[in-house]
Amino acid sequence: MTTSRTLRRLPLNIAATVTVVVCLFPVYWMVTTAFKPSRDIQSDSPQLLPQSWTLDHFRRAVDADGFALFWRNSVLVTLAAVALALIVALGASFAVARMRWHGRRQFMLMVFIAQMAPWESLIIPVYIISRDTGMLDRLPTLTLIYFMMTLPFTVVVLRGFIATIPAELEESAQVDGCTRFGAFRHVAFPLLAPGLMATSLFGYITAWNEFAYANFLIIKQQDHRTLPVWLSSFHNTFGTDWGATMAASTLFALPALAIFLLLQRHVTSGFASGAVKG
């Protein structure tokens with residue numbers, strides 16, 4: 001029985017292994033290239049493992065103009081957008097999951113439509129609005145855009161997660177003297193930690209990696225650009241500095257990887273719980 005079960009699962013295991021290798025190989029190549037000397041990067045016979053290791057590319061990336069400044073810009077914009085999305089989505093998802101009001105289904109339909117809309121198609125309208133309101137070349141503009149990008153997904157996930165928490169828990173707290181807000185804050189909110197972790201990670205990755213709006217809306221004030229735009233600066237009259245580009249990309253990916261590893265358990269349970277009930 002065990003052997004037959006293993007044989008049945010063998011194709012799935014092989015497919016999973018191939019998928020993981022295909023997805024991780026570009027990341028592996030990026031990291032190893034960052035440690036290769038320039039002569040090995042330009043070699044006609046590339047090697048899977050560096051023949052020799054160097055940190056010169058990382059030094060050039062860290063010493064590049066704007067590294068610390070653009071890093072600060074990305075952190076500020078990302079954290080502000082995620083915090084705004086969580087605050088607004090928490091109230092909206094609670095209203096949808098716990099209350100019965102006219103237009104609730106239509107509201108969720110609009111949220112789903114907003115989630116499906118490609119944001120790249122809105123660059124021109126957003127640019128015109130930002131120009132006419134004097135909001136070009138400002139970090140708060142990027143913060144608001146990233147907030148709008150992450151808000152629909154955050155509302156959907158938190159709404160499903162709140163729906164899995166029995167309303168009787170909050171009702172019991174209200175019987176004991178809590179207000180409705182107090183019952184939610186003391187009873188339901190602590191149980192939302194996995195859902196909050198999952199949505200905050202999604203919002204962080206979305207805002208941290210976004211390039212088009214940061215490059216399109218920050219035109220004159222170069223000091224207001226973010227790290228994704230900074231990554232495109234490693235080129236000169238002789239072409240692209242691939243070693244420094246790969247080193248900068250590795251440094252750029254480290255914060256998202258570290259946060260994901262720290263929140264992995266909560267993120268997995270948050271997505272699973274948020275998809276159980278709607």
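Angles between helix axes under 35 degrees count as roughly parallel, those over 145 as roughly antiparallel, those from 65 to 115 as roughly perpendicular, and the rest as oblique. The exercises below concern a predicted model.

**Exercise 1.** Work out which term describes how helix 9 and helix 10 lie to each other.

*Solution.* Begin with the axes of helix 9, residues 180–191, and helix 10, which come within 4 Å and cross at roughly 60°. Next, set that angle against the classes above; helix 9 and helix 10 are therefore oblique to each other. Then turn to the residues that meet, where Phe-189, Pro-190 and Leu-191 of helix 9 are in contact with Ala-193, Pro-194 and Leu-196 of helix 10. Finally, sort the residues of this contact by type, which gives six nonpolar, no polar and no charged.

**Exercise 2.** Describe the largest pocket by its space, its lining and the elements that supply that lining.

*Solution.* Start with the space in the largest pocket, which is about 410 Å³. The lining consists of 15 residues, and those nearest the centre of the pocket are Val-27, Met-30, Ala-253, Leu-254 and Leu-257. Two or more lining residues come from each of helix 1 (2–35), helix 10 (193–209) and helix 13 (242–274), and helix 13 gives the most, with seven. By type, the lining divides into 13 nonpolar residues, two polar and no charged.

**Exercise 3.** State how many helices and strands the chain has, and what share of its residues is buried.

*Solution.* Counting the elements gives 13 helices and two strands in the chain. Of its 278 residues, 39% count as buried.

Conventions:
Residues numbered from 1 in each chain as written. Predicted model: local features only at pLDDT ≥ 70, side-chain atom pairs only at ≥ 80, totals over all residues. Heavy atoms only, no water. 1 Å grid on protein atoms, 1.4 Å probe; cavity = no way out; pocket = protein on both sides within 12 Å on 5 of 7 lines; lining within 4 Å. Points joined across faces, edges and corners; volume = space filled by probe spheres on them. Nonpolar A, V, L, I, M, F, W, Y, C, P; charged D, E, K, R; others polar. Axes fitted to C-alpha atoms, helices over the stretch in contact; angles between N-to-C directions. Contact = heavy atoms within 4.5 Å. Buried < 20%, exposed > 50% of the residue type's maximum accessible area, 1.4 Å probe, protein only.
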